[in-house]
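Let's walk through this one together, with the sequence and the 3D view side by side. Have a look before you read on.

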Amino acid sequence: MLEILEALTGLGWSVFPCVRMDKGPLTKHGFKDATTDMAQVERWFHQYPECNWGIAVPGTAIVLDIDTLDGGDPNPWPRNQDHAASLASCGALTLTPRGGRHHWYRQPTPGKWNSTAGKLAPKVDTRATNGYAVIPPSVTRDGAYRWLEDMELTCRPEDLPLPPQWLSDLLDAHP
């Protein structure tokens, strides 16, 4: 895990420890304590050896968080097949323990969009300015987070692709 954290911080992603088997932050100020300082990350790594890890989503990025429906059924959002297919243009894709997914994109204007809950659609949230996302290989009671093969987070926030235009338009309507 330390190698993963070193790679992410080297790309400019600020990380922080989360509660073991959970998603809540372990630090006093939560995701606001996130850092790219590997000396601090190593201290946390040794202080909390079995913790999960999160990334504080910077104002230059946005994570589209699509959760499963109540009962665990896959979320069919967006229903438009062309729109659904265009979500694959993301820069990274996390599969969540309960069958959801996190699509990682760049914001066209830094800080334009904020974190939201259910504004785009039921069970569809965003993680952006003032938000965070738990990252693989973190584990909760429901299972492990994992990157979709060949869709790992391997670029700087500002190098992520922009969201598809239809999604940008929707995000503009619900900043």
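Q: Which residues of helix α4 (residues 165-173) are buried?
A: A quick note: this is a predicted model, where local features need pLDDT of at least 70, side-chain atom pairs count only at pLDDT 80 or more, and totals for chains, interfaces and linings use all residues. Residues are numbered from 1 along each chain as its sequence is written, and side-chain values use heavy atoms, with hydrogens and water left out. Buried means under 20% relative accessible area, exposed over 50%, and partly exposed in between (1.4 Å probe, protein chains only). In α4, a DSSP run like every helix (H or I, at least four residues) and strand (E, at least two) here, numbered from the N terminus, the buried ones are Trp166, Leu167, Ser168 and Leu171.

Q: What covers the buried residues of α4?
A: Look for contact, meaning heavy atoms within 4.5 Å. The cover includes a helix, α3 (81-86), and the strands β3 (61-66), β5 (101-106), β6 (116-121) and β7 (124-127).

Q: Which residue forms a salt bridge with Asp172?
A: Side chains of opposite charge can pair when their charged atoms come close. A salt bridge here needs a side-chain nitrogen of Lys or Arg within 4 Å of a carboxyl oxygen of Asp or Glu. With the closest N and O atoms 3.0 Å apart, the partner of Asp172 is Lys112.

Q: How many residues apart in the chain are Lys112 and Asp172?
A: Asp172 sits in helix α4, while Lys112 is in the loop between β5 and β6. This pair links distant parts of the chain, and the separation is 60 residues.

Q: Why does the salt bridge of Glu50 and Arg20 tie together separate parts of the chain?
A: These two side chains meet at 2.7 Å, N to O. Arg20 is in the loop between β1 (14-18) and α2 (38-47), and Glu50 is in the loop between α2 and β2 (52-57), so the parts they tie together are 30 residues apart in sequence.

Q: Is Glu50 buried or exposed?
A: Its relative accessibility is 54%. That makes Glu50 exposed.

Q: Which strand gives the largest share of the lining of the largest pocket?
A: On a 1 Å grid over the protein atoms alone, a pocket is an open set of points where a 1.4 Å probe fits, with protein on both sides within 12 Å along at least five of seven lines; lining residues have an atom within 4 Å of a point. There are 21 lining residues, and Lys23 and Asp65 are among the closest to the centre. Four residues come from one strand, β8.
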